[in-house]
Amino acid sequence: MMFRVAARLVAILVVVGLAACGRSTPPADSASGPELVVYSSRIEQLIKPIFDDFTKETGIRIRYVTDDAGPLLARMRAEGENSPADLLITVDAGNLWQAAELGVLEPIESAILARNVPPALRDEQGRWFGVSIRARTIVYATDRVKPEALSTYEDLANPEWSGRLCLRTAKKVYNQSLVASLIVALGHEQAEQVVAGWVDNLAVAPFASDNKVIEAIEAGQCDVGLVNTYYLARMLADKPELPVGLFWANQQGDAPAGRGVHVNISGAGITKASKHKAEALRLLEWMSGPTAQYDFASLNQEYPVNDATAPSELILQWGSFSADTMPMSEAGRLQGEAIRMMDRAGYR
Amino acid sequence: MLASVLVARTSRRSTAALWLLRAVGLLAVLGVLAPILVVVFSWSSEQTDIWQHLIATQLGGLLANTLTLLVGVGILVSLLGIALAWFTVMCDFPGRAWFEWLLMLPMAVPAYVMAFVTLGVFDFGGPLQRFLRDYVGQTYGSIDVRSEPTVIVVFSLVLYPYVYMLARSAFLSQSSDTIEAARALGCNAWQAFFRVALPMARPAIIAGVSLALMETLADFGTVAIFNYDTFTTAIYKSWFGFFNLQAAAQLASILLLFVALTLFAERRSRGGRRFVQGARLQHRFRFAVSPLTAWMMTLICSVVLFMAFVLPVLQLMLWALGAGAEQLNRRFFELLAHSLWLAGIAALVTVILALVLAFNRRQKRRFSSVFGAAHLGYALPGSVLAVGIMLSFTYIDNQFFIPLQRVFGMAPTPILVGSLLTLLAAYWIRFLAVASGPVESSLERIRPSLPEAARTLGAQGATLVWRVYLPMLRPGLLTAAVLVFVDVMKEMPATLLLRPYGWDTLAVRIYEMTAEGQWQLAALPALALVVAGLIPVIISIRQSRH
């Protein structure tokens, strides 16, 4: 009697389990050739249109899963040589560097990629390549700050900005890479002084997102901040009269002061475990080409890595800038050191 | 208990049934233990470097923050949950019948959604402070709301329904004559509450509060929106910042140890006490309160409901309207369908497993406390648990399925990871604790004499379960299913990491939007999540009225 009850419960579980397995069986590779699997920490809205264009042009279909780079990387490592992933896409150089360190990315040589992607924006050994540039620079309240008063990232640590600076949290990799670039340009001691100066100048506790930094400047909570340019571009697209201006940092004088704007990349690398390396390379090369580069620029107002492609109309108004030529791999190598520095300075 | 009742006449079949029950129960516990073991094994390598750094810089502050948050949320959810439950069950006030179920609705609002709505409305750049600055005076409009009290209130507003639901059903099942007896013996209303009703409802209340606290402890998304650093901050810093999953897992295991000890202590302190109820009366006794008190109660309920539900929903609607209708495309309904479908199956599976575990625990045999381990899945931060599950399932894939595929000459691909089965497993591993609370406390309330009486009347085995146990367990099972359903809808990290290709849900969409700081665009999926979460809540309320 009781047996029947228990058996029924188990039967339900089994049926549900089978249903779950059955539903998830991947569709067998059909006639249209191989299918690429991409692990992406670029979100669906910012990557799917590019995949769609690629499929339209080449007939190669793409399946993808999006998540933070950390979990995706953990999954790739665990799956090892059996991983279905062909390509890993991240939104920062640090995670690509880490993936390369862990040995899950395949070194490749490609004349196309060498031509399309500047050397500073790719791995020396060809394990990963930048596909779009994200510039992080100074934004200011146009009604309270004269652009002439602005100069460098370091300058924002000076007492004249006391109580006027807004920053995003130090937990965001963009800020970690920026501080890594300070370490490279200024050395440890001076970089730490700059970070401590920033913290002293904060108007309010650091924000959770770049958007909030811009909003705070608009609302008058602070006068200057550091953000990735596309956040401002997006907000300007919605609200052109926004009283927040953009200033290209570190353009004047010799290095280190004139080293240029700190840039990070969204990039990709082919996995060691990939069973479709030729197709994966084709996708990667294609992403550095004109169609995809235009997509990256127009979808999210980022800067193309390929200088043959122009940035979007909206961000052309800010003019061109010279970028810090620190190799992107440094951002990964120094990320831990940058976090320690920010922790010591009390930058949350 | 069940064993002694059901197996009084030991037949071969019921012994087989017991073994089957035990086997499924053990399997469920093993599922929970696997990722936890992965986490614990992280101690196999030393990460002194990161530990030293954390101890030197942040750890003290993080622990203080976490403790303050726990104490604050613990007190506030208890106050709100118990008081509101007591008001709506035991007192008469205007709107009581409405508030009775309306007050459950905030449960459908995910904490991270509540957080970004709160910031949107109350922050320096938000409409309220702008209004104050423009029309009242500069000084009134410059408060930084990203502070400790706000974080505590945000958590409490979305988590109090756990306590409210469990306390309410406990109060409801306390028979009126117990309270009446207390009154007849000279207790006033307060005394009747503190000396009789509250102690009797204690197991349910503790279950609710511990759920709320575990969720707070393991949370990362909500505190991240406020940039409020807790212990999970250190975990994520080790993992995402220092690329050190080992150290992150070590930190997480400390969190786990803390929860395990607390759960154990609670069980110990409750000891063997059991509260057996008198017969249920058809007529419900309620306290008569003065009109002033009654209106005060109405006011309190309205304020809570407004802050925890009406305000966030209105703000989400405003944002969703602002974002435009083009979001309402086919993709959106696909996400909605995935969310509902996953939450539905997960709720069914989890509740069945919780019931199996509860029966197992009632046997009070040696080792039956092992089944208590099933609660631990809820105590780990979602991402850490997700990785633990992913690692253990990959292990099975690599050690078993892949060699098997090789033997049969097939292309080796992982079978489990990235399958729906694994995602469902992740859900029950995480939410067994949620389902166990209501299931166990309703099982505890069944007087032993009832099944005994039924047995003397000739009912046994299946009849006993279907006609005696299940009807009495039904409210508890329903509550459990609703809690799990809503929690699965809101769940993010495991869904992100383990979903099969294309199985994006509303929560995934919200994650993608908030990751880019586009909270306005997250409004429509968030709203859909809330509304879809309301459906089972309302169904269960309708059911519990019959």
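Look along helix α6 of chain A, residues 173–186, and you'll find these residues buried: A:V173, A:N175, A:Q176, A:S177, A:L178, A:V179, A:A180, A:S181, A:L182, A:I183 and A:A185. That is eleven of the 14 residues of α6(A), so the helix is largely enclosed by the rest of the structure. Keep in mind that you're looking at a predicted model. The length of α6(A) works out too: at 1.5 Å a residue its 14 residues should span 20 Å, and the end C-alpha atoms are indeed 20 Å apart. Just after the helix comes A:G187, with a positive phi near 85 degrees.

Now step back to chain A as a whole. It has 14 helices and nine strands, and its C-alpha atoms fill a box of roughly 80 × 60 × 40 Å along the principal axes. Of its 348 residues, 53% count as buried. If you take the contacts in chain A with a separation of 6 or more, 78% of them come from residues 24 or more positions apart.

Strand β4 of chain A, residues 129–141, is another good place to stop. Here 13 of the 13 residues are buried, so this strand is also largely enclosed by the rest of the structure. And which strands does β4(A) pair with? With β8(A), residues 262–270, it pairs in the antiparallel sense over seven bridges, and A:R136 has A:H262 as its bridge partner there. With β6(A), residues 224–228, the pairing is antiparallel over five bridges, and A:Y140 stands opposite A:V224. Strand β7(A), residues 244–247, joins β4(A) through four bridges, again antiparallel, with A:I138 opposite A:F247. Finally, β9(A), residues 303–304, adds an antiparallel pairing over two bridges, where A:I133 is partnered by A:Y303.

Next, over to chain B. It meets chain A with 61 residues, which are in contact with 60 residues of chain A. On the chain B side, the largest share, eight residues, comes from helix α16(B), residues 382–407. Sorted by class, that side has 37 nonpolar, 15 polar and nine charged residues.

Inside chain B, have a look at helix α6(B), residues 111–122, and helix α14(B), residues 291–323: their axes come within 10 Å and cross at roughly 75 degrees. That makes α6(B) roughly perpendicular to α14(B). From α6(B), the contact is made by B:V113, B:M114, B:V117, B:G120 and B:V121, and from α14(B) by B:L311, B:P312, B:Q315 and B:L316. By class, this contact has seven nonpolar residues, two polar ones and no charged ones.

Definitions and conventions:
Residues numbered from 1 in each chain as written. Chains lettered and ligands numbered in written order. Predicted model: local features only at pLDDT ≥ 70, side-chain atom pairs only at ≥ 80, totals over all residues. Axes fitted to C-alpha atoms, helices over the stretch in contact; angles between N-to-C directions. Parallel < 35°, antiparallel > 145°, perpendicular 65-115°, else oblique. Contact = placed C-beta atoms within 7 Å. Nonpolar A, V, L, I, M, F, W, Y, C, P; charged D, E, K, R; others polar. Buried ≥ 20, exposed ≤ 12 C-beta atoms within 10 Å, placed from the backbone. Expected span 1.5 Å × (residues − 1). Pairing = 2+ DSSP bridges.
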